[in-house]
Amino acid sequence: MAENRNGLTRVAFIGSECYPFIKTGGLGDVMYALPRALIKQGCEVRVIMPYYRCIPEKYKEMTTYKGNFMMDLCMDGRQFYVGIMEAEKDGVIYDFIDNREFFDWGNPYTGLWEDIPKYCFFSKAALAILNYMEWIPDVVHCHDWQAGLVPVYMRTLFAGTPIGEARSVLTIHNLRFQGICGIPHMKYWTGLPDYLFDYPVFKQNDDDANMFKAGLAFADRITTVSETYAEEIQTMFYGEGLNDHLWYHRTKLSGIVNGIDVEQWDAAADKLLTETYTADDVIEKKKLNKRALQEKLGLDVDDNKFVIGLISRLTDQKGLDLVNAVFERMLNEETQVVILGTGDPRYEGSFRYYESVHKGSVCAYIQYNEALAHQIYASSDALLVPSLFEPCGLTQLIAMRYGTVPIVRETGGLKDTVEPYNVETDEGNGFTFDRYEADLLLDAVERARDLFFDERGSWNAMVMRDMEKDVSWENSAGKYLKLYEELKG
Ligand code: ADP
């Protein structure tokens, strides 16, 4: 491998979303925060993502045009335009791939039929622009299925080109989404040789091919976003059909837990809050924030209510069946529930229903709303994350950073980041339950509420402890850097 002139480790991040340009979930946060943390540890990082039409104009205005070329794609070698738009922010360089044919639709995702060609193009173009710009990283760090083809292309169509010399890491942020379609569709769009589709590398079954599966086979290393999830995905329950494949590749699989960007999420400097605060004045200031939130959302204004927040994509992954099963029992006259999320109509509908029959105690805000998310984190007493599975989960980390006690199911990163409260020692960061059962969720909520009302000193101590817990990227970024250095050799 060619030594970089300045000796710094060079990494190219390739992924489908990145805050603040476009974010639909935790992947967007990681694509933003990890590069910044790596820069602080002496890496050079570029982030490569699509130049979606839905990126807000104010961010598009930050970019400058860097060049273009035509690239072939597909089995018949059709030519497609690849434009490069570039922005720099806090030392991280963002290279956006411009192509109106692929990136003018969706928010940013459309549906698999269109998304498969979109991300075939993206994966190939991402490597092509690195060659074109002559910026060859030591490691290409790919994220989720949308960048799953990158390691495959590096070892096939790009072998023998400069970028083919780099090493690859593929990170699983969520194994549920894999990029699966019929073999002919995949063969056509990838333009990859036939023999790759004869083996279980690409093949999902006799009819279908799986982009993520192929990427996992070709990547030099696989990471996922918590140690527990790295173990879980090798089992049938969590493996989403790829458990055997991951078990087979287990020697190159490891878990590194996510952090959060502690500047982006900082109650002491958060302009979106009514009252900013630190661990020293959180108890008083949280009351003021709570009052402001209650007024804003039409809830009964009362400092003494136990306010439970839920900020989530509304999908079955997030344990919302459990919430629905115990909602009426969870809600008593001392409790208010605030839900912020969008997604599956059946959950949107049930939460709207609870709001309509419990006016003043329940608010279902069915929207994606960044500002309101900050206000709910700051104003709630507890945050509910009862997920069926959770690769890492960021909301519990943000909650702790804002002095909001997480109530979580012990799975994936939730298990690795929330230490259960221990009544004997008065230690811990939140309330947890293990099996996916509604009554266990209810029990955890009741334990939290009892502590809130009956042992306020212990509760307040936990709130302050949570605010002081290290949830930053520093430690984990160091682990990624170590991995890159191992790969560099
Ligand atoms: P996932 O990636 O599975 O959606 P994570 O917990 O890893 O879950 O990340 C979710 C991120 O998206 C957090 O930053 C959370 O605050 C944010 N988020 C989720 N839903 C909403 C919403 N409706 N409005 C604003 N932010 C949201």
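Tutor: Let's begin with a term: nonpolar side chains count as one patch when they are joined within 5 Å and their residues have over 30% relative accessible area and no salt bridge. Keep in mind that this is a predicted model.

Student: Which residues make the nonpolar surface patch?

Tutor: Tyr65, Met70 and Tyr81 make it, and the patch covers about 320 Å². Met70 belongs to strand β3 (residues 64–73).

Student: Why is Met70 called partly exposed?

Tutor: Its relative accessible area is 49%. Buried means under 20% and exposed means over 50%, so a value in between is partly exposed. Because 49% is also over 30%, Met70 meets the accessibility condition for a patch.

Student: Now the interior, please. What makes a set of residues a nonpolar core?

Tutor: The residues must be buried and of nonpolar kinds such as Leu, Ile and Phe, and they must be joined through side-chain atoms within 4.5 Å. The largest core here has 101 residues, and Leu38, Ile97, Phe121 and Phe202 have the most contacts inside it. Helix α4 (residues 112–133) gives the largest share of this core, with 11 residues. There is also a second, separate core of 70 residues, including Leu310, Val323, Cys363 and Trp459. As background, nonpolar side chains in soluble globular proteins tend to be buried together.

Student: What is Ile97 in contact with, leaving aside its neighbours within four places in sequence?

Tutor: Among its contacts are Ile48, Val82, Gly83, Phe121, Phe122 and Ile129.

Student: How do you know that Gly83 counts as buried?

Tutor: Gly83 has 1% relative accessibility. The limit for buried is under 20%, so Gly83 qualifies. Gly83 sits in strand β4 (residues 78–89). Beyond its sequence neighbours, Gly83 is in contact with Gly67, Asn68, Phe96, Ile97 and Asp98.

Student: What makes Thr335 buried?

Tutor: Its relative accessible area is 0%, and this is under 20%, so the word buried fits. Thr335 is in strand β13 (residues 335–340).

Student: With which side chains does the side chain of Thr335 make a polar contact?

Tutor: One is the side chain of Asn332, at 2.6 Å, and another is that of Arg449, at 2.7 Å. A polar contact needs N or O atoms within 3.5 Å, so both distances satisfy the limit. Thr335 is also in contact with Met330.

Student: Is Met330 buried or exposed?

Tutor: Buried: its relative accessible area is 0%. Met330 lies in helix α11 (residues 320–330), and its contacts include Ile308, Val323, Leu384 and Arg449.

Student: Two Asp residues remain. Why is Asp144 called buried?

Tutor: Its relative accessible area is 8%, under the 20% limit, so Asp144 is buried. Asp144 has a positive phi of about 65° although it is not a glycine, and it lies in the loop between β6 (139–143) and α5 (149–155).

Student: And why is Asp426 called partly exposed?

Tutor: At 29%, Asp426 falls between 20% and 50%, so partly exposed is the right term. Asp426 also has a positive phi, of about 60°, and its place is the loop between α15 (412–417) and β17 (431–433).

Conventions:
Residues numbered from 1 in each chain as written. Predicted model: local features only at pLDDT ≥ 70, side-chain atom pairs only at ≥ 80, totals over all residues. Heavy atoms only, no water. Buried < 20%, exposed > 50% of the residue type's maximum accessible area, 1.4 Å probe, protein only. Helix = DSSP H or I, 4+ residues; strand = E, 2+ residues; numbered from the N terminus. Contact = heavy atoms within 4.5 Å. Patch = residues over 30% accessible without salt bridge, like charges linked within 9 Å, V, L, I, M, F, W, Y side chains within 5 Å. Areas by Shrake-Rupley, 256 points an atom, 1.4 Å probe, with all protein chains shown as cover. Salt bridge = Lys/Arg side-chain N within 4 Å of Asp/Glu carboxyl O. Polar contact = N/O pair within 3.5 Å; in protein donor to acceptor, adjacent residues only side chain to side chain.
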